[in-house]
Amino acid sequence: MVPHLSTALTGPLQSLESHILDSMPTIEHWFRQQWLEHPAPLYTSVDLRNSGFKLAPVDTNLFPAGFNNLRPEFYPLCIQALMTAVEKICPDTRQFLFIPENHTRNTFYLENVAVLKTLLQRAGFAVRIGSLLPDITEPTRFDLPSGDHLVLEPIVKSGKRVGLKDYDPCAVILNNDLSAGIPDILKGINQHIVPPLFAGWSTRKKSLHFSAFNDVAKEFSELINLDPWVINPYFDHAKEIDFNDTNSQEALANKVEQLLAKIKVKYAEYDIKDDPFVIIKADSGTYGMGIMTVKSPDDVMNLNRKQRNKMSVIKEGQVVREVLLQEGVYTFENVDGAVAEPVVYMVDHFVVGGFYRVHTERGIDENLNAPGAKFVPLAFETETIAPDQSQNFDATPNRFYTYGVVARLAMLAAAKELEYMEREANSLI
């Protein structure tokens, strides 16, 4: 299934997709060299937006949920990729402690945890689930809508190791993005922990990620003679933000005006008639919180109290003081008439599947990662995981190959971002 594009597949995107397909040997050789120099994260998901004239990542998640939305036919890919990842990260590992988010009431999230646990077990590892919730004081069973179940157990710390009462794991896998900070119980442990603690949203910045992506997109575009703008959203960064302070709002509005002017130049170059827009989002954080769409500096100045409050506080009650201003990328894809965007999942440096995030109540210029979103698995067939150069550029395997190339560029940017953060963390020791 390739979703319907409400714009004709002509112009920049057709050029991009056909150009990427023609450049496949060069691209794959380049990626192989990159992964040798910059090891990929354990797992990653990337939100893409396809406007018909631009295909770009708008968010990269290092603690992805949603594995329960992938097609079971591709679990074998996940299992093989997990084996490869663990061999590189911690080859002596036999037992994992898996630490999820504190979403015990969100059964959809727990289904994701159950799938990840099953995949790890099928890859040959023992896995048990440790909870950071203070009210989990004994093994607690959670029954899931799928008929599966999970047992969450209290984490215990002994010296520089964490585990469970009767379970001493070799390594720790985090599926908790640490928005509220690094828990004391995880500090100073000598076990492998992936992703690393500094990758959590208490320290990670989206502006750093897109700065890294800017460099990756530039190098990649030079490699295959491409205008980097068609895969790379412009962005800016603002600090010391207070949405209840007029002077702070004015400074932010000025940045919006400057970014819109920059986008308009590219729209004119490509003869794009749509209105440019900017997405303002908290520079740290996830779950679609602290995000708004603006098409004019006035949109910033005229925020009402409810909008200001919504932008000021995100997950775990964290106050927003820094924001990313990102070029808005329209999504002209739709599934059954509803606005949609592809989300690509990767384990190690392998694409292992994905889905369309679909929202019936959101527009083509709005964030779709919001309550009410539904998920439609990318309908890969076994033979379409690789491109087919005998078919048109927009045939199912070729469209998904293009998705995977752009998603892997974002994952490469994340790898470089983590290397930078690790150097910064080590310099403080």
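Student: What share of the 429 residues in the protein is buried?

Tutor: Good place to start! In this predicted model, buried residues make up 54% of the 429 residues. A residue earns that word when its relative accessible area is under 20%.

Student: What makes a group of residues such as F220 and I231 a nonpolar core?

Tutor: They have to be buried residues of kinds such as Phe and Ile, joined through side-chain atoms within 4.5 Å. The largest nonpolar core has 68 residues, and F220, I231, F243, L252, I280, V323 and L325 have the most contacts inside it. Helix α9 (residues 396–427) gives this core its largest share, 11 residues. Another core, of 40 residues, lies apart from it and includes Y75, L150, A171 and V194.

Student: Which residues does V323 contact, leaving aside its neighbours within four places in sequence?

Tutor: Among them are F243, L252 and I280, and D236, H237 and K281 are on the list too. Each is called a contact because heavy atoms of the pair come within 4.5 Å.

Student: How do you know which parts of the protein have the lowest and highest confidence?

Tutor: Look at pLDDT, which runs from 0 to 100. Strand β1 (residues 4–5) is lowest, with a mean of 44, while strand β5 (residues 126–131) is highest, at 98. On that scale the mean for the protein is 88, and 89% of its residues reach 70 or more.

Student: Where does pLDDT stay under 50?

Tutor: Over residues 1–12, for which the model has 37 contacts beyond four places in sequence.

Methods
Residues are numbered from 1 along each chain as its sequence is written. This is a predicted model: local features need pLDDT of at least 70, side-chain atom pairs count only at pLDDT 80 or more; totals for chains, interfaces and linings use all residues. Side-chain values use heavy atoms; hydrogens and water are left out. Buried means under 20% relative accessible area, exposed over 50%, partly exposed in between (1.4 Å probe, protein chains only). Helices (H or I, at least four residues) and strands (E, at least two) are DSSP runs, numbered from the N terminus. pLDDT is the predictor's confidence in each residue, from 0 to 100.
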